[in-house]
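Trainee: I am new to this structure and would be grateful for a close look at a single part of it. Please take one pocket, describe its lining, and then follow the element that matters to that lining into the rest of the chain.

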Amino acid sequence: MVLPIFTYFRDRIKPSRQQAAGKERERLIASSSIPFSNPKKPIQLSLSHTSASLSDMDVISSPGLYPLHRCKTLHLVRHAQGVHNVEGEKDHAAYLSESLFDAHLTPLGWQQVDHLRKHVHETGLSKKIELVIVSPLLRTMQTAVGVFGSEGYKDGIDVPPLMVENAGESNRPAISSLNCPPFVAVELCREHLIASDEDNLWEANSREKNEEVAVRGMKFLNWLWTRKEREIAIVTHSGFLYHTLSVFGNDCHPSVKSEICTHFANCELRSVVIVDRSMMGSDPATTNYPGKIPSGLDLPSDVADEKLSNDGEGK
């Protein structure tokens with residue numbers, strides 16, 4: 001579903017939640033084209049470990065080598081501080097509160113967004129990102145547009161705002177979509193799912209187990225290989241990141257495993273590379289060059305040595 005210009009995202013929560021909240025919530029991002037993507041048949045992602053080994057080197061400590069076009073760079077971001085984080089520090093049960101289900105950012109959270117935005121611009125990362133994928137909850141969308149969106153929206157600019165003024169009680173000006181990457185809201189990277197009668201990702205009377213979050217995370221990573229973009233920012237949630245990433249790193253040094261599989265702080269960014277080991281992607285190698293143009297004799301010396309050795313053994 002593609003939302004038209006100047007429309008709001010509405011919560012995908014059952015009517016009883018909206019009634020309990022006292023009003024129908026409205027979402028923020030108002031872009032020329034920010035689709036919801038809910039892939040139904042993800043392809044399989046191979047987690048098999050390499051069987052290659054070196055007699056004089058532990059495979060855990062050996063480096064990996066993969067074709068560049070079979071890799072994607074992911075910039076993983078946990079949302080900034082939300083009002084649910086503040087209440088959750090006081091009482092952990094607050095994280096299950098219906099009134100805080102779609103929490104907005106706190107003023108401190110917006111300060112965290114501003115600092116991360118400064119970082120991605122100073123490092124040049126903002127110019128590299130081709131796509132921003134975001135969980136379709138308010139706190140993640142506020143974080144995403146605040147960090148990776150354009151400057152403040154001004155009247156007279158012939159582009160739609162990425163976020164309308166004061167969206168989600170932010171007390172922030174509108175944010176322009178000018179000169180920023182496209183944004184896609186994806187259900188698969190949402191936080192732990194809670195019971196609902198309407199959402200097809202939720203099971204009635206249950207809350208996702210951690211193992212189920214990890215499975216959903218793998219489906220999300222599989223779906224990433226259907227995208228053509230090579231450098232992608234993903235703005236999501238602590239639980240989703242932790243349980244998804246915990247699947248990885250078992251073939252790494254323990255310190256690397258720890259680097260991958262620790263909980264994210266609010267508005268923390270980590271950059272990782274994901275590798276297509278199973279030929280899932282079909283993108284060609286855009287930087288490879290075939291060589292031998294014009295054609296000429298080019299027998300490698302080591303091949304010549306091998307042929308000489310074989311010829312000698314045959315006599």
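Mentor: The lining of the second largest pocket is made up of 10 polar, 6 nonpolar and 5 charged residues. This is a predicted model, and the pocket has a computed volume of about 430 Å³. Among the 21 residues that line the second largest pocket, those closest to its centre are H84, Y95, E191, H192 and R207. Two elements, helix 2 (83-90) and helix 6 (238-245), each give two or more residues to this lining. Helix 6 gives the most, with 3 residues.

Helix 6 therefore deserves the closer look, and it is mostly covered, since 7 of its 8 residues are buried, a term that means under 20% relative accessible area. The buried residues are S238, G239, F240, L241, H243, T244 and L245. As for their neighbours, the buried residues of helix 6 pack against strand 2 (71-78), helix 5 (210-224), strand 7 (231-236) and helix 7 (254-260).

One of these neighbours, helix 7, leads on to another local feature. C267 is found in the loop between helix 7 and strand 8, and C267 has a positive phi of about 65 degrees although it is not a glycine. Most residues other than glycine have a negative phi, and most peptide bonds are trans. C267 counts as buried because its relative accessibility is 9%, which is under 20%.

A second positive phi belongs to E169, at near 55 degrees. E169 lies in the loop between strand 4 (161-163) and strand 5 (175-176). E169 is exposed, because its relative accessible area of 56% is over 50%. The loop between strand 8 (269-275) and helix 8 (301-314) holds P294, and the peptide bond from I293 to P294 is cis, with omega near -5 degrees.

Other cysteines can be placed in the same terms. C71 is buried, with a relative accessible area of 13%, and C189 is buried as well, at 0%. The structure holds 0 disulfides.

Finally, the setting of the pocket is a protein chain with 8 helices and 8 strands. Of its 315 residues, 43% count as buried. The protein chain exposes about 17,700 Å², of which carbon and sulfur atoms supply 53%. Among contacts between residues at least 6 apart in sequence, 74% join residues at least 24 apart.

Note on methods. Residues are numbered from 1 along each chain as its sequence is written. This is a predicted model: local features need pLDDT of at least 70, side-chain atom pairs count only at pLDDT 80 or more; totals for chains, interfaces and linings use all residues. Side-chain values use heavy atoms; hydrogens and water are left out. On a 1 Å grid over the protein atoms alone, a cavity is a set of points where a 1.4 Å probe fits but cannot get out, and a pocket is an open set with protein on both sides within 12 Å along at least five of seven lines; lining residues have an atom within 4 Å of a point. Grid points are joined across faces, edges and corners, and a volume is the space filled by probe spheres set on the points. Helices (H or I, at least four residues) and strands (E, at least two) are DSSP runs, numbered from the N terminus. Ala, Val, Leu, Ile, Met, Phe, Trp, Tyr, Cys and Pro count as nonpolar, Asp, Glu, Lys and Arg as charged, and the others, Gly among them, as polar. A disulfide is a pair of cysteine sulfur atoms within 2.5 Å. Buried means under 20% relative accessible area, exposed over 50%, partly exposed in between (1.4 Å probe, protein chains only). Contact means heavy atoms within 4.5 Å. Accessible areas come from the Shrake-Rupley method with a 1.4 Å probe; for residues, only the protein chains shown count as cover.
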